[in-house]
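Work through the exercises below with the model open. Each one has a task and a stepwise solution.

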Amino acid sequence: MELVLRGAAAGTRETQLIRDVETFEGHIACASSTRSELVIPVVNGAGRLLGVLDIDSDQPDAFTREDAEALEALLASVFRA
């Protein structure tokens, strides 16, 4: 069985730091209360996309570039080993 992921982070394999979901064209809403989002692709050592880490907030501009970089490093250490 193959998992099919859709969305900007899965399609580009680039982290999406969305400060205001209302201004992000193509936003896939998980909840109507979501205002900002951080979505990080999860890739294994062979470069295969395993999924995405999707964190939502009900506050606009809730996540920083530093948050994204720290989570990217954590995911890389766990899944690319």
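**Exercise 1. Which residues does R80 touch, not counting residues up to four places away in sequence?**

Solution.
- Step 1. Work in the predicted model and find R80 in the segment after α2.
- Step 2. List its contacts beyond four places in sequence: R80 touches V43, N44, G45 and L75.
- Step 3. Take one of these partners, V43, and check the backbone. The C-alpha atoms of R80 and V43 are separated by 6.9 Å. Along the chain, these two residues are 37 residues apart.
- Step 4. Classify the accessibility. Partly exposed covers the range between 20% and 50%. R80 is at 46% relative accessibility, so R80 counts as partly exposed.

**Exercise 2. Follow L75 from R80 into the nonpolar core, and state which elements build that core.**

Solution.
- Step 1. List the contacts of L75, again leaving out residues up to four places away in sequence: I40, V42, L53 and R80.
- Step 2. Find the largest nonpolar core. Its six residues are L38, I40, V42, F63, A68 and L75.
- Step 3. Assign the core to elements. β2 and α2 are the elements that give two or more residues to this core. β2 gives the most, with three residues.
- Step 4. Compare with Step 1. I40 and V42 are contacts of L75, and both belong to the core.

**Exercise 3. In what order do the three strands form the open sheet, and is the pairing parallel or antiparallel?**

Solution.
- Step 1. Read the order across the sheet: β1-β2-β3. The pairing is antiparallel.
- Step 2. Name the edges. β1 and β3 are the edge strands, as each pairs on one side only.
- Step 3. Give the turn between neighbouring strands: 10° on average, with direction ignored.
- Step 4. Inspect one pair. β1 and β2 (residues 36-43) run antiparallel and are joined by three bridges. Within the sheet, L17 stands opposite L38 in β2.
- Step 5. Add the helix. α2 lies across β1, β2 and β3. The helix runs at about 25° to β2.

**Exercise 4. Is T34 buried or exposed, and what does its side chain join?**

Solution.
- Step 1. Locate T34 in the loop between β1 and β2.
- Step 2. Apply the cut-off. Buried means under 20% relative accessible area. T34 is at 8% relative accessibility, so T34 counts as buried.
- Step 3. List the contacts of T34, leaving aside neighbours within four places in sequence: V21, H27, D56 and S57.
- Step 4. Pick out the side-chain pair. A polar contact of 3.5 Å joins the side chains of T34 and D56.

**Exercise 5. Examine the phi angles of R13 and D61, then place both residues.**

Solution.
- Step 1. Recall the background. Most residues other than glycine have a negative phi.
- Step 2. Read the angle of R13. R13 is not a glycine, yet has a positive phi of about 55°.
- Step 3. Do likewise for D61. D61 also has a positive phi of about 55° without being a glycine.
- Step 4. Place them. R13 is in the loop between α1 (8-12) and β1 (16-18). D61 is in the loop between β3 (49-57) and α2 (65-79).
- Step 5. Classify the accessibility. R13 is at 42% relative accessibility, so R13 counts as partly exposed. D61 is at 47%, so D61 counts as partly exposed.

Technical notes. Residues are numbered from 1 along each chain as its sequence is written. This is a predicted model: local features need pLDDT of at least 70, side-chain atom pairs count only at pLDDT 80 or more; totals for chains, interfaces and linings use all residues. Side-chain values use heavy atoms; hydrogens and water are left out. Helices (H or I, at least four residues) and strands (E, at least two) are DSSP runs, numbered from the N terminus. Buried means under 20% relative accessible area, exposed over 50%, partly exposed in between (1.4 Å probe, protein chains only). Two strands pair if DSSP finds at least two bridges between them. Contact means heavy atoms within 4.5 Å. Axes are lines fitted to C-alpha atoms, for helices over the stretch in contact, and angles run from 0 to 180 degrees between N-to-C directions. A polar contact is a pair of N or O atoms within 3.5 Å; within protein, one must be able to donate a hydrogen and the other to accept it, and residues adjacent in sequence count only if both atoms are side-chain atoms. A nonpolar core is a set of buried Ala, Val, Leu, Ile, Met, Phe, Trp, Tyr and Cys residues joined through side-chain atoms within 4.5 Å.
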